[in-house]
Amino acid sequence: MDTPVRIILVGYMGSGKTTVGKALAKSLGLPFYDLDWYIESRMRKTVKQLFDERGEDGFRQVERNMLHEVAEFENIVLSCGGGTPCFFDNMDYINQQGESVYLKCTTDVLVQHLKMGKTVRPLLLNKTPEEVVAFIEQQLRQREPFYTKAKHTLDVSLMDNFDKIQITVEQLKQQLGLP
């Protein structure tokens, strides 16, 4: 790859950004970065701790600074937090830096992914299943206008096993014109 490649994945929590990102990076022989993990390693605190200490505004400022740092790296696959594109000029910046991809799926799929996932999601703690669905639907309505600014959109509703993840990665590579 002569020209530096930056593939930046956006989408709601549970859409598979880390899963697809890792598989895509492996398939392309590129390093994978998860923005939340990057923030945690640089700040030596969890995202939840940063949220608790600085509030959402303080966290979003840290997130923006770290996005600007990691999105300068060349030949990477980067997965952003679900809220990252929705603050400051982050989505415009992401589009300037590389090939942005919105991993899109239905609320039902997101709920299933979040149930199966091992990650603690502070925004969903202490909510009933009905409240989780209502919360996700409301947040998707707010965030969709930012997500849809991505240069590419990929439907990831059918990623419930390894083979389907591989198919999704192949579809994404095809969409991006990558070997």
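**View A. Phe162, an exposed residue of helix 7.** In this predicted model, Phe162 has a relative accessible area of 59% and is therefore exposed, the cut-off being over 50%. Phe162 belongs to helix 7, which covers residues 162–176. Look also for Thr19: its C-alpha atom is 9.9 Å from that of Phe162, although 143 residues separate the two along the chain.

**View B. The open sheet and its strand order.** Here you can follow five strands with parallel pairing, in the order 2-3-1-4-5. Strand 2 (32–34) and strand 5 (152–155) are the edge strands, each pairing on one side only. On average, neighbouring strands of this sheet are turned by 25 degrees against each other, direction ignored.

**View C. Strand 1 beside strand 4, with helix 7 packed on the sheet.** Strand 1 (residues 6–10) and strand 4 (residues 99–104) run parallel and are joined by four bridges. To find your way, start at Ile7, whose bridge partner in strand 4 is Glu99. Helix 7 packs on the sheet and touches strand 1, strand 4 and strand 5. The direction of helix 7 makes about 160 degrees with that of strand 5.

**View D. Two loop residues with positive phi, Arg44 and Asn75.** Most residues other than glycine have a negative phi. Arg44, however, has a phi near 55 degrees, and so does Asn75. Arg44 sits in the loop between helix 2 (35–43) and helix 3 (47–70), while Asn75 lies in the loop between helix 3 and strand 3 (76–79). Arg44 is exposed, with a relative accessible area of 72%; Asn75 counts as partly exposed, at 24% relative accessibility.

Definitions and conventions:
Residues numbered from 1 in each chain as written. Predicted model: local features only at pLDDT ≥ 70, side-chain atom pairs only at ≥ 80, totals over all residues. Heavy atoms only, no water. Helix = DSSP H or I, 4+ residues; strand = E, 2+ residues; numbered from the N terminus. Buried < 20%, exposed > 50% of the residue type's maximum accessible area, 1.4 Å probe, protein only. Pairing = 2+ DSSP bridges. Axes fitted to C-alpha atoms, helices over the stretch in contact; angles between N-to-C directions. Contact = heavy atoms within 4.5 Å.
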